[in-house]
Amino acid sequence: MGTQHGTPADELTYYELDEYFPTTAWLETYAERLCASEALDREMDGWGVGWNGDFVFEIRNLPIFENAVNDLPEELWRNLGEAIRQLPDSTLEAVMQTAPEEIQENVENRTGTLQERASAELLETPLVESPEKVWPGLRNIMPEVLDSLVDELDDHVTDEGHVFAWLEMVDGDCRETATMQSLDEREHRVRIAGEYEEWKRLLSGDLSLLDGVMGGTLQVTADMKNTLQYMDAQLVMVDVAAETDKRFLF
C-alpha cells in the first residue's frame, strides 16, 4: 500500500468530530436528537420510570486491524501528509528523533526524501497500532480531529475492535451516554448487536431493524418484561440515528 494521493487539500470538505460514526462525540449528538424527538416522547412514555430501561448498541468488528490511517476518510489524513511533506529537513529530523525506535527504523529503511518516507510510514500505520505509535512531537503537527480519533481508538474501542455504546433511556429522554469495554460493565434492558457493516446499512436507511433481525444480521436481546409494548420506540430510536448527520469512519 503506497501513500495515497487524491483530492487536493484545499478542495476537501472538513467535518467536526461529532459527525464521525461511531465516535463518542457522535453518540452525544445522537443523545441530543433523541431528547428532542417528539415521536420518541410518545412511543417511550413511561419507559424506564422506576426500572432500568437502558440500551446498549453493540457494534462489532470495526476494521481497525486491516485498515491503515490512509484508509480513513481522506480529509482526516491528507493534512497530516501535507504537513509532514512541507516541513524543513531540520524540523522533521527533530520530530523524528523523538519517535519510537521502531518508527525511526522503518522510516530509515524506506526510499525517497525524509518527508516522503516519514509521511508514508505514518499514513500506512495500521489503525490498531496507531495509538501506541503516536508520540508528543507528532501530535504537534496532527490535525485536531485525527488526534482525537487516535484517542477514541485507544479509549473507546475494545482490543477486539468492538464498540459497546450505552444509553440511559428514561421516559423518551437519553440522560447519559458512555462506552464500555465489556457488556457487564453497566446494567441494560435492551441490546442491539451487529457487525459494523450492518450498522452502516441500518443507519444509512438501507436496512430496517426488523429486516435485520428477521434476516439474522442484527440481534435484539431484551428483558421481555416492560418491552413488548415499546417495540415501536426501538424503531423510532433507529430512525433518529439514521437522521442524525454522520460520516462513517470506515
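In the predicted model, L228 counts as exposed because its relative accessibility reaches 58%, above the 50% cut-off for that class. L228 lies in the loop that connects β6 (218-222) with α12 (231-243). Together with M224 and M231, L228 forms a nonpolar patch on the surface, and the accessible area of these residues together amounts to about 310 Å².

A second surface patch is negative in character and consists of E16, D18, E28, E32 and E144. Within this group, E32 belongs to helix α1, which spans residues 24-36. The side chain of this patch member is part of an exposed residue: E32 is assigned to the exposed class because its relative accessible area is 51%, where over 50% is required.

With regard to charge over the protein as a whole, 54 negative and 18 positive side chains are present, and a distance of 3 Å separates the centres of the two sets. The exposed surface of the protein amounts to about 12,200 Å², of which 44% is contributed by carbon and sulfur atoms.

The fold comprises twelve helices and seven strands. Along the principal axes, the C-alpha atoms occupy a box of roughly 65 × 35 × 30 Å. The protein contains 250 residues, 50% of which count as buried. Among contacts with a sequence separation of 6 or more, 77% involve residues 24 or more positions apart.

Notes
Residues are numbered from 1 along each chain as its sequence is written. This is a predicted model: local features need pLDDT of at least 70, side-chain atom pairs count only at pLDDT 80 or more; totals for chains, interfaces and linings use all residues. Side-chain values use heavy atoms; hydrogens and water are left out. Helices (H or I, at least four residues) and strands (E, at least two) are DSSP runs, numbered from the N terminus. Buried means under 20% relative accessible area, exposed over 50%, partly exposed in between (1.4 Å probe, protein chains only). Contact means heavy atoms within 4.5 Å. Accessible areas come from the Shrake-Rupley method with a 1.4 Å probe; for residues, only the protein chains shown count as cover. Lys and Arg count as positive and Asp and Glu as negative; His and the chain ends are not counted. The place of a charge is taken as NZ of Lys, CZ of Arg, CG of Asp or CD of Glu. Patches are made of residues with over 30% relative accessible area and no salt bridge: like charges are joined within 9 Å, nonpolar side chains (Val, Leu, Ile, Met, Phe, Trp, Tyr) within 5 Å. A salt bridge is a side-chain nitrogen of Lys or Arg within 4 Å of a carboxyl oxygen of Asp or Glu.
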